[in-house]
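Reader: Got a minute to walk me through this one? I'd like the overall picture, then some details.

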Amino acid sequence: MSEPESDSGPRPVQIVHVHKQEHTFELDVAALESVLLQEGVRDLDVVVVSVAGAFRKGKSFLLDFMLRYMSRQKLGPMWLGEDDEPLTGFSWRGGSDPETTGIQIWSEVFTVEKPGGKKVAVVLMDTQGAFDSQSTVKDCATIFALSTMTSSVQIYNLSQNIQEDDLQQLQLFTEYGRLAMDEIFLKPFQSLMFLVRDWSFPYEYDYGLKGGMDFLDKRLQVKEQQHEEIQNVRKHIHSCFTSVSCFLLPHPGLQVATSPMFQGQLGDIAPEFKAQLETLVPLLLKPANLMEKEINGSKVTCRGLLEYFKAYIKIYQGEDLPHPKSMLQATAEANNLAAVASAKDLYYNHMEQTCGGDKPYLAPQTLEEKHLEFVAMSLDHFQRIKKMGGAEFSQRYQEQLERELGELCAGFLKHNQSKNMFAAFRTPAVLFGVMALLYMLSGVAGFLGVALVAQLCNCGTGLVLIGLLTWAYIRYSGQYRELGGAIDSGATILLDQVSSRINSTAAHRMGVPEAPPGNKKNR
């Protein structure tokens, strides 16, 4: 087990916090500034080496050997230390529960002079393990994407082999990172190393870089007989990284894997593992091999890296990016949406045969009955389709189907109403009826010698005529639609009032008592 150094010395610094309950991310700007804006390194081009992968696979353990190398380069081959020396640095321990959360970097930025005399700043980054019991696919994708976007070397830490699901997850995570970046004219990411831990087949591919590259070439080979999906995964990886490599690392030994008292002493580690560490770590961190961070072909300083972190975290805190989903969830969603579409088509086709197109006008009550019948048929069809995700997952898609059927019904009702000839000419008929009534009243008033009433009726007739002509112009030209709507509303209200009065009078003459307004519901 390794514990971080005391607060007075170099230590891991948490720069990205994960709020597990809300599944949100927060950048600790002050902590990041305390590391990247240190005097002497802030304006140097930065080299960022990150380790990412599944949880409990020894990422922090490996990073602590990198820390030891960076702090003891002057010792040459003796940098690994004594056999009984505990391993310190990033916190790590044995066991099955995750240790690192979010993203951490080492507080000490190492200044290294490259062979040409140029000085660069080296930052080591540790990331939260993916696919633990509390992290969503979005959490894992965000952490992996952030570390890949901000690192110059991303070490993809895998156990025992490179499996197809490892490649598919890498495709998802890198695509999530690529979406968050601005328009990139070059490959968006730099160096990717597949680090295969506990490699058990040295008789097929030897430990180290050469065996790893031979193994990787075979794994990433694109063949014509492969399924298109498998080909696309491999093409995507090559299109995202400027260089891709692989290193095969042996098992560190049973003492490391099973002893709760193990503290990183070299004496408890298998000799072949130590031998490969002496090759792997200098391969990544030797001055001649250091790769500065670049974005769009321009090198990034420590100060610039701080700004990129701020920009990228804002993107992942927003809602602009689609949320990545597990393969099961994505399949279940597609499966349920297909069922919704099928049930919706069934309803649409039946309604179209009933009242769509050139079908004659149908009484609203009959159409409502048909609607309810077809909705029940559509829901039954949806429920009978075999769907993934379970009943609770499918329930929200059934509710979506019901909403969409309601919207379709509203469209059919309008279409059916447009076929009602009286409805189309209701306004002019009402206005013409009012004109005829006023004209007759004017004639009766003139006959009786009531000139004032006759004149008022004539004025009313003229106003209604103007209203009728205005309505006709609006219908013809399509202009002043608000005024046309007001005329239609006025005609409808007048017709309703007259109809209500006639019905009330007819009921009274037939001796049917009219219920009080408050009791109409209970009649």
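Author: We can go from the whole protein to a helix, a buried arginine and some aromatic rings.

Reader: Start broad. What is the secondary structure of the protein?

Author: This is a predicted model. The secondary structure comes to 16 helices and eleven strands.

Reader: How many residues are in the protein, and what share is buried?

Author: There are 523 residues, and 42% of them are buried. The protein exposes about 28,200 Å². Carbon and sulfur atoms supply 55% of that area.

Reader: And contacts between residues at least 6 apart in sequence: what share join residues at least 24 apart?

Author: That share is 76%.

Reader: On to helix H1. Which residues are buried there?

Author: H1 covers residues 29–36, and Ala31, Leu32, Val35 and Leu36 are buried in it. They sit on the same side of H1, because they cover an arc of only 120° around the axis.

Reader: What do the buried residues of H1 pack against?

Author: Four strands and a helix: S1 (12–19), S2 (24–27), S4 (103–106), S6 (119–127) and helix H9 (302–317).

Reader: New topic. Arg234: buried or exposed?

Author: Arg234 has 5% relative accessibility, so it counts as buried. The cut-off for buried is under 20%. Arg234 is found in helix H6, residues 228–240.

Reader: Which side chain does Arg234 join in a polar contact?

Author: That of Glu164, at 2.8 Å. The Arg234 side chain also reaches the backbone oxygen of Ile230, at 3.1 Å.

Reader: What else does Arg234 touch?

Author: Leaving out residues up to four places away in sequence, Arg234 touches Glu164, Leu167, Arg219, Leu220, Gln221, Val222 and Gln226.

Reader: Now the rings. How many aromatic pairs are in the whole structure?

Author: A search finds 13. In one, Tyr156 and Phe194 have ring centres 5.8 Å apart and planes at 50°, so the pair is tilted.

Reader: Where in the chain are those two?

Author: Tyr156 is in strand S7 (residues 153–159) and Phe194 in strand S8 (residues 189–197). They are 38 residues apart, so the pair links distant parts of the chain. Both Tyr156 and Phe194 are buried.

Reader: What about Phe201 and Tyr203?

Author: Their ring centres lie 6.2 Å apart with planes at 90°, so that pair is edge-to-face. Phe201 is partly exposed, with a relative accessible area of 29%. Tyr203 counts as exposed, at 64% relative accessibility.

Reader: Which residues form a cluster with them?

Author: Trp199, Tyr205 and Phe215 join Phe201 and Tyr203 in one aromatic cluster.

Definitions and conventions: Residues are numbered from 1 along each chain as its sequence is written. This is a predicted model: local features need pLDDT of at least 70, side-chain atom pairs count only at pLDDT 80 or more; totals for chains, interfaces and linings use all residues. Side-chain values use heavy atoms; hydrogens and water are left out. Buried means under 20% relative accessible area, exposed over 50%, partly exposed in between (1.4 Å probe, protein chains only). The arc is that of the directions from the helix axis to the C-beta atoms. Contact means heavy atoms within 4.5 Å. A polar contact is a pair of N or O atoms within 3.5 Å; within protein, one must be able to donate a hydrogen and the other to accept it, and residues adjacent in sequence count only if both atoms are side-chain atoms. Accessible areas come from the Shrake-Rupley method with a 1.4 Å probe; for residues, only the protein chains shown count as cover. Rings of Phe, Tyr and Trp (its six-membered ring) pair if their centres lie within 6.5 Å; planes under 30 degrees apart count as stacked, over 60 as edge-to-face and the rest as tilted.
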